[in-house]
Amino acid sequence: MNKPIRRLSIFALALFGVLLLNVSYIQAFAAEDLREHPFNRRQFAESLNTHRGSIRVGSQEVAYSEPVGGDSDQYQRVYENGQLYAPVVGAFRAGSATGIEAAENSFLDGSHESLAVNNFRDMLTGEEPKGADVTLTINADAQQAAMEGLEALGKNGAAVALDPATGAVLASYSNPSYDPNSVASVTETDQAAENWTDLEAAEQQPLLNRGLNQRYPPGSTFKIVTAAAALENGASPDSTIDAPETLDLGAPLPNAWGGPCNNGAPDSLAHSIEISCNTSMANWAIQLGGQAMQEQAEAFGFNQGDMEIPLPVTESLSPLETDPNILGRSGIGQANIEATPLQMAMVAAGVANDGDVMKPYLVESVRNSNLEEVDSAQPEVYSTAISPGTAADLTEMMIGVTAGDEASGPTAQIPGIDVAGKTGTAETASGPTHNWFISFAPADDPQVAVAVVVEHGGGSGGTLAAPIAREIMEAVINE
Amino acid sequence: MTLFAIALTLYAMIEAGLTRNNEMPPSLFLYGGLFGGLAILAHFFIRFFAPWSDPLLLPLATLLNGLGIAMLWRLGEATGDTSRASAMDQLILTAASMVVFAGIIYFLKEPRTLQRYPYIMAVGAVFLLLLPLTPLGSEINGARQWVNFGFTSLQPSEFAKIALVVFLSGYMVTKRDVLALASRQIKIGPVKVLDLPRMRDTAPMAVMWGFCIIVLVILMNDLGTSLMLFGTFLAMIYVATQRGSWIVIGLTAFFGACAAIYPFVPHFRVRMVTWLDAFRPDVFCTDEALANPESFCVTSGNSQQLVQGLFALAEGGMTGTGLGGGQPGYVPEVQNDFIFTAFGEELGLAGIMVMLMALALLVERGMRIALASKELFIKMFASGISFLIAFQTFVVIGGVTRVIPMTGATIPFVAKGGSALLSSWIMVALLMRMSNNARKPAPQAIQDEGATQVIQR
């Protein structure tokens, strides 16, 4: 009976062969996928044991890790001024992370390839490995001004400030915010998880970064884009167009004050911007056509897909309109136009920077644990939206918005400095209007460009949003 | 070889101790002395009482047993979590097992004497298998397969399977001609498809089948033992008869029965779903856990153990995290059948291959003993036991690595548990005794000596 025994032993070997093949498959080929499987929480548990780098604003550490102590190998993430920076920094929790904590995770936890040499050196010298420090472009005063302004109103909203020359994000605040410390505890994990669940469920959506990820109808601030399109297509600030009391666009489109813009006569482009005339700007949009309007919007960054700065930024929308009625309304930032506050800040920054829109960025530099710089921001041109001449014309027109005889946004004025701005009061499908203000200053040497939106403020952009924008601009200029 | 196995065990403990606690394990000398001493004693015992036995069997068994102790030590003592496992218990059980091992080598000079009592063995096996159904039995993790003696609990099925192999060997040696030759041929046209045994000869198969299905699966929820016993039965009947038809009939009947009882045995159904859809969220988590996005389902859900085991293996990758460097605690019940994933995580593919190779070598040496033996009973017995080891390994590791549904049994020698360890050592003792007898040179005839002297100048 040796033959069947031989066959049986071959079968037994085959069983082992199957096991070997399967284990090889799991550990060699499928391992990567399994490690990254959403059910796999091993990475997160491990991440609590790594000494993450700090996140800095200027010289201040706004997020840092400190040892839990005792028997634990874990580190507790601590947030200074947590609520102020939460919309940017995010929160690092057992299980996941948001904001910069997530976007720059590979630097912070030290796993980024450019840190390999440093990690190896630490291993040799026996030093405890530590992730890299990330320094943000945020200006602490500007951020503070944004928070105070929006909090004082008590409305949901957002403010974004850019350095027009580089694209550095100087402020990005979203109201309401939250305290990341309340969700980051590694010792009281149940409470932390519960707090997070509450935040996720909260009606005011404190976890939503309204500055980067919420689209609003931009309202009259979009008239800057319309005016830019007109100037680029041969018009001058003095070019006029009909500006009646109402325009019949399917439903009548009135002006904000219920009268014609230039006593019934055709109104100039410059004056229309200064007083924020609806009917003339709608006429400009219709005259320019959907194609030209869309091209100009896209040059400023609309319809360009999602962006990473490195926080994810939601795309702003400016669809191609063929129906003149809808095209007219989109010329004043209504209809199907939707923009994030960052997008409108980019419009202001583009005008401020002689027509070049710089790509926004939030991370100034990354330094390893030996304080050597491993990464630093390289400002780059995002797009050339308009010619320098157009930019100069628009700047003049926008100064009129804050300083003109019939200025619609005088509350943005800063003594001794020319401020270029544009108000916006956007009709919404539900509830009171959204109130906008976009601006930059000083007009002759722009250091900061701002967009502020107050959700359902119910007032005008000039009264609600402009003062906040002014505070932010002052914070940057007076530094 | 044995020394090498001991050294490897101690090295494993040292590494685990250094990685976990940054110190040499304080109990190293105790463990090293006890385990090493036992293994060396066993070695000399073999030298003396079974000098011709296969020299590879003891080192392989020592290595696997030692790795098991080291891993249990790492899981238990090194983390201070003694609820999970105690290596000391395992060490004491090892000692007890080795005593039994020595006893078998010493007292059972001729394993063929077992052939005399096939029916006693059969009754014994059935008795052992059914013991957990009596009031003595207790249920752990949904399977009723333990017997509680107060001070310790045993899994009688571990011993029943050995008794069953003895019975089958004895029975089939006497009945093999009938089982092999009497047949009806089934032909399609001129082509012979199968030799079907006569109806009445299928009785043992039917009994075995009925027993495995009804008692084990339905009454006791012990899928692993059922699968193992039936597989071994099929292997042995094939060895006895050389007829593929038995295997075809057996497999058809077994899987047919599985399909038939599938809707009625919830335990069985759960295992199948867990196997096929391990990564489905509702299998991985419980419903309450799913409703709460913040819960990580680390301990709930049916496929939790399987999936966490796979994650552990993936974490280990090719070379592993190093002993003590992994997080085997993620896998529920890691000290039992899932100890394999702990090895996979900390020793990596390389370490697992060594372990599988050691087991495969053990099996193949056993098969070699079957080939080398002259008596039919011993051939049946040795190949039966070898296949049992192989199949048990396959069922357990295959279950853990999602080749087949998880059944819940233990890897020979490695996992925590007294019954499994003891039965593994019993199997090795039997194999060694048989190999000693098979390889022992035949006693030289006196006449030949005389003849030699005549030729001598």
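**Exercises on a predicted two-chain model**

**Exercise 1.** Determine which residues B:Met172 touches, leaving out those up to four places away in sequence, and place B:Met172 within the nonpolar cores of this predicted model.

*Solution.* Step one lists the neighbours: B:Met172 touches B:Leu179, B:Phe233, B:Met236, B:Ile237, B:Ala240 and B:Met380. Step two turns to the core. The largest nonpolar core has 154 residues, and B:Met172 is among those with the most contacts inside it, together with B:Phe101, B:Phe233, B:Phe381 and B:Leu430. B:Phe233 therefore appears in both lists, as a neighbour of B:Met172 under the 4.5 Å contact cut-off and as a residue with the most contacts inside the core. Step three adds that another core lies apart from the largest one; it has 126 residues, including A:Ile100, A:Tyr173, A:Leu327 and A:Ile414.

**Exercise 2.** Describe the interface of chain A and chain B by its residues, buried area and polar pairs.

*Solution.* First, count the participants: chain A contributes 41 residues to the contact and chain B contributes 55 residues. Next, take the area: about 4,300 Å² is buried between the two chains, and carbon and sulfur atoms give 71% of it. Then examine specific pairs: 0 salt bridges are counted between chain A and chain B, whereas 7 residue pairs are in polar contact, both residues at pLDDT 80 or more.

**Exercise 3.** Identify which helices of chain A supply at least two residues of the side that touches chain B, and classify that side.

*Solution.* The helices are α1 (2–29), α2 (31–35), α3 (42–47) and α9 (189–201) of chain A. The largest share, 22 residues, comes from α1(A). By class, the side of chain A that touches chain B holds 22 nonpolar, 10 polar and 9 charged residues.

Notes:
Residues numbered from 1 in each chain as written. Chains lettered and ligands numbered in written order. Predicted model: local features only at pLDDT ≥ 70, side-chain atom pairs only at ≥ 80, totals over all residues. Heavy atoms only, no water. Buried area = accessible area lost by both parts, 1.4 Å probe. Salt bridge = Lys/Arg side-chain N within 4 Å of Asp/Glu carboxyl O. Polar contact = N/O pair within 3.5 Å; in protein donor to acceptor, adjacent residues only side chain to side chain. Helix = DSSP H or I, 4+ residues; strand = E, 2+ residues; numbered from the N terminus. Nonpolar A, V, L, I, M, F, W, Y, C, P; charged D, E, K, R; others polar. Core = buried A, V, L, I, M, F, W, Y, C linked by side-chain atoms within 4.5 Å. Buried < 20%, exposed > 50% of the residue type's maximum accessible area, 1.4 Å probe, protein only.
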